[in-house]
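Trainee: I would like a close look at a single part of this protein, followed by how that part fits into the rest. Please take it slowly and give the cut-offs as you go.

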Amino acid sequence: PPNSHYLGARAPAEVNGIIAAAQFLVLTCEPEGFPNVLMQAWNLAKPTLSLGYDPEGMLSANRLGTVAGSAAELAQAARALLHDPAEREAIGVRAARFAAENFTLSANAQQLERFCEELLARRRRA
C-alpha cells in the first residue's frame, strides 16, 4: 500500500521508538517463531492487530488486540481502534500488564526457576 514501506533492519531501541509513537501494532507476518515485536509493543502498552497469527492464543485469551481473518477485517479493526481511544487505552493497559507478568527479567527468572525445580523433582522420582 502507498501508506507503508519497508524500513529495513532496525535496532531494538529504534523499533521501540517507532512503536511508542504508534497507536497500535499491526502484525501481518506469518512468523516461524514468536516475534519480539509483540513483546516490545505490549511493554509499551500498545494493542496488537494481527492478520491471522495469534501465538498460543495469547492475543485472544488476554484481549491484547484483534486477530483478523482477512485484510478487510484487519482494516475494520484498525478503524475501530483509531476512533475509540478509551478502548485503545484499555487494551494497552492489559497488554502492559501481560508483558510485565510474562516477559520481564524477573518473570523469566521465575519461569526458569520453576522449570528447574520441575526437572529436579522428576529426577528425584526416577
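Against which helices and strands do the buried residues of α2 pack?

Mentor: First, the ground rules. This is a predicted model, in which local features need pLDDT of at least 70 and side-chain atom pairs count only at pLDDT 80 or more, while totals for chains, interfaces and linings use all residues. Residues are numbered from 1 along each chain as its sequence is written, and side-chain values use heavy atoms, with hydrogens and water left out.

The buried residues of α2 pack against α1, β1, β2, α3 and α5. Here, buried means under 20% relative accessible area, exposed means over 50%, and partly exposed is in between (1.4 Å probe, protein chains only). Helices (H or I, at least four residues) and strands (E, at least two) are DSSP runs, numbered from the N terminus. A contact is a pair of heavy atoms within 4.5 Å.

To place α2 (36–43), start with the overall order. The protein has 6 helices and 3 strands, and from the N terminus on the elements run α-β-α-β-α-β-α-α-α. Its C-alpha atoms fill a box of roughly 60 × 30 × 25 Å along the principal axes. Of the 126 residues, 27% count as buried. Among contacts with a separation of 6 or more, 45% are between residues 24 or more positions apart.

Within α2, the buried residues are Leu38, Gln40, Ala41 and Trp42. Gln40 also gives a link to α1: Pro12 is 28 residues away from Gln40 in sequence, yet their C-alpha atoms are 8.4 Å apart. Pro12 sits in helix α1 and is exposed, at 56% relative accessibility.

Leu38 and Trp42 belong to a nonpolar core, a set of buried Ala, Val, Leu, Ile, Met, Phe, Trp, Tyr and Cys residues joined through side-chain atoms within 4.5 Å. The largest such core has 14 residues, and the members that touch the most others are Leu38, Trp42, Met58, Leu64, Phe98 and Phe103. At least two residues of this core come from each of α1 (12–20), β1 (25–27), α2, α3 (58–62) and α5 (85–102). A second, separate core of 8 residues includes Phe24, Ala77, Ala78 and Leu81. In soluble globular proteins, nonpolar side chains tend to be buried together.

Met58 shows how Trp42 is tied to other parts of the chain. Setting aside neighbours within four places in sequence, Met58 is in contact with Phe34, Trp42, Arg63, Leu64, Phe98 and Phe103.

Trp42 is also part of an aromatic cluster with Phe34, Phe98 and Phe103. Rings of Phe, Tyr and Trp (its six-membered ring) pair if their centres lie within 6.5 Å; planes under 30 degrees apart count as stacked, over 60 as edge-to-face and the rest as tilted. The structure holds 5 aromatic pairs. One of them joins Phe98 and Phe103 edge-to-face, at 5.8 Å centre to centre with 70° between the planes. Phe98 has a relative accessible area of 10%, so this residue is buried.

Following α5 onward leads to helix α6 (residues 105–125), which packs against α5 at an angle of about 45° with the axes 6 Å apart. That angle makes α5 oblique to α6. Axes are lines fitted to C-alpha atoms, for helices over the stretch in contact, and angles run from 0 to 180 degrees between N-to-C directions. Under 35 degrees counts as roughly parallel, over 145 as roughly antiparallel, 65 to 115 as roughly perpendicular and the rest as oblique. Ala100, Glu101 and Asn102 of α5 meet Ala107, Asn108 and Gln111 of α6.

Back at α2, look at what follows the helix. Just after α2, Ala45 takes a positive phi of about 60°, although Ala45 is not a glycine. Ala45 lies in the loop between α2 and β2 and is partly exposed, with a relative accessible area of 32%.

On the far side of β2 (48–51), the loop between β2 and α3 holds Glu56. Glu56 also has a positive phi, about 50°, without being a glycine, and counts as exposed at 80% relative accessibility. Gly57 is in that loop between β2 and α3 too, and is partly exposed at 25% relative accessible area.
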